[in-house]
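Welcome, and please have your viewer ready with a clean cartoon view. We will go from stop to stop, selecting a few residues each time and looking at what surrounds them.

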Amino acid sequence: MSHLFSEGQLGDLTLSNRIIIAPMCQYSAAEGAPTDWHSVHLGTLAQSGAGLLIIEATSVTPEGRISPWDLGIWSDELGDALQREVEKIRRWSPIKLGIQLGHAGRKASVDAPWKGGKALSGSEGGWETLAPSALAFSENPTPKAMSSEEIAQIKQAFVDGARRAQRAGFDLIELHAAHGYLLHQFLSPLSNQRTDNYGGSLENRMRLVLEIFDEVKAAVSLPVGVRISATDWTEGGWDIDGSIQLARALEGRGCAYIHVSSGGLSPAQQITISPNYQVPFAQQIQQQVAMPAIAVGLITEPEQAEAIIATGQAEFIALARGMLYDPRWPWHAAAKLGDKIAVAPQYQRSEPHHLRGLFSV
């Protein structure tokens, strides 16, 4: 058996293989609730053969949505709606299910990407955004700097969202501290110029992420992991050294894993994109902590994924756009690497003649 198709652990959650479907926003919710699109989309991915499916960034408050069409979990009704989606998947697939809880901060209140992604005015359905400091992202409106009371409210919103996620039946919770959204904004000195206990030093800038992690972990019995951007890819920003310090602090608090992406905070970022371009960040962090690191970013080939796991660069790999392009990527990876993969009985007749023995029940 390949390393890619060996069992793995995220906290006390056992995955059948090392392939994770990363969260991917669909901008297709209705007032925060999943729609038929989500049933089709998630149902397709649930039959992929991956070990874990993490659904898209789900906002803990209405103003924390990236767009008016993002999923939310700020009410019991929304939690119930997500539970119905979980139950649909559970009926037909053994895949483990995670949910990413987030808040977009100053990058909230924008249009869908295929409509240009521009900031929305109030007349267009937009709203005032919140951030650590009154510093705008790109050409977006200047956000409101959060008060200490608003910070406390956000922490409670994450806790409440986590409790709803557990009641909805998810197996795992991921906190979104990447891609320039609110928790990342607190981490980076480019977006956080506060002078209180949540700004200035590295210790202070990490404070909100660590406090939210502690409170969420205490509120639920599920494994809790964190997704980060390892670097802002720009001078004076959040960097790999800070990411390593954050990872160590999270591990000491019982974090289940660290999901290592990059960028998204500054329009001045300079990224040279190539296969595995983010994997070295995951590797550097994995060398410093015992908890699993998840590598992501232009991992497209089975042999490439196998090498990452086999050489210890990370314990898991995650695919996002690649899985949208090829929702049966794990099937094809198993065929390439000479492994077996479990598929739904409805699909077993599709096993190619030249790959007899690929499918297991």
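**Stop 1: a buried glutamine.** Start by selecting Gln313, which sits in the loop between α8 (302–310) and β12 (316–319). Helices (H or I, at least four residues) and strands (E, at least two) are DSSP runs, numbered from the N terminus. With a relative accessible area of 16%, Gln313 is buried; buried means under 20% relative accessible area, exposed over 50%, and partly exposed in between (1.4 Å probe, protein chains only).

Before going further, a word on what you are viewing: this is a predicted model, in which local features need pLDDT of at least 70 and side-chain atom pairs count only at pLDDT 80 or more, while totals for chains, interfaces and linings use all residues. Residues are numbered from 1 along each chain as its sequence is written, and side-chain values use heavy atoms, with hydrogens and water left out.

Now show the side chains around Gln313. Its side chain makes a polar contact with the side chain of Thr311, at 2.8 Å. A polar contact is a pair of N or O atoms within 3.5 Å; within protein, one must be able to donate a hydrogen and the other to accept it, and residues adjacent in sequence count only if both atoms are side-chain atoms. Not counting residues up to four places away in sequence, Gln313 also touches Val279, Ala282, Gln283, Gln286, Ala307 and Ile308, where contact means heavy atoms within 4.5 Å.

**Stop 2: into the next strand.** Move along to Ile317, in strand β12. Ile317 is buried because its relative accessible area is 0%. Leaving out residues up to four places away in sequence, its contacts include Leu4, Ile19, Ile294 and Ile308. Try a distance label from Ile317 to Val279: the two are 38 residues apart in sequence and 9.2 Å apart in space, C-alpha to C-alpha.

**Stop 3: helix α10.** Select Ala333, in helix α10 (residues 329–337). Ala333 is buried too, with a relative accessible area of 0%. Which residues does Ala333 touch, not counting those up to four places away in sequence? They are Leu4, Phe5 and Pro302. For a longer view, draw a line to His103: Ala333 and His103 are 230 residues apart in sequence and 34 Å apart in space, C-alpha to C-alpha.

**Stop 4: the nonpolar cores.** In soluble globular proteins, nonpolar side chains tend to be buried together. A nonpolar core is a set of buried Ala, Val, Leu, Ile, Met, Phe, Trp, Tyr and Cys residues joined through side-chain atoms within 4.5 Å. The largest one here has 103 residues, and Ile173, Leu175 and Ile258 touch the most other members. Helix α3 (residues 148–168) gives the most to this core, with eight residues. Zoom in on Ile258 and, beyond its neighbours up to four places away in sequence, you will find contacts that include Val226, Ile228, Leu250, Ile285 and Met291. Then look for a second, separate core of seven residues, with Ile66, Ala104, Ala112 and Tyr181 among them.

**Stop 5: helix α5.** Select residues 202–219. The expected span of a helix is 1.5 Å times one less than its number of residues, so the 18 residues of α5 should span 26 Å, and its end C-alpha atoms are indeed 26 Å apart. Turn the helix side-on to see a bend of about 35° at Leu208, the bend at a residue being the angle between axes fitted to the seven residues ending there and the seven starting there. The buried residues of α5 include Asn204, Arg205, Leu208 and Phe213. The buried residues of α5 pack against α3, β8 (172–177), α4 (182–187), β9 (224–229) and α6 (240–252).

**Stop 6: a buried aspartate.** Go to Asp232, in the loop between β9 and α6. Is Asp232 buried or exposed? Asp232 is buried, with a relative accessible area of 0%. A polar contact of 2.7 Å joins the side chains of Asp232 and Ser188. Setting aside neighbours within four places in sequence, Asp232 is in contact with residues including His184, Trp238 and Gln269.

**Stop 7: two positive phi angles.** Finish with Ser138, in the loop between β6 (130–131) and β7 (144–145), and His179, in the loop between β8 and α4. Phi is near 55° for Ser138 and near 60° for His179.
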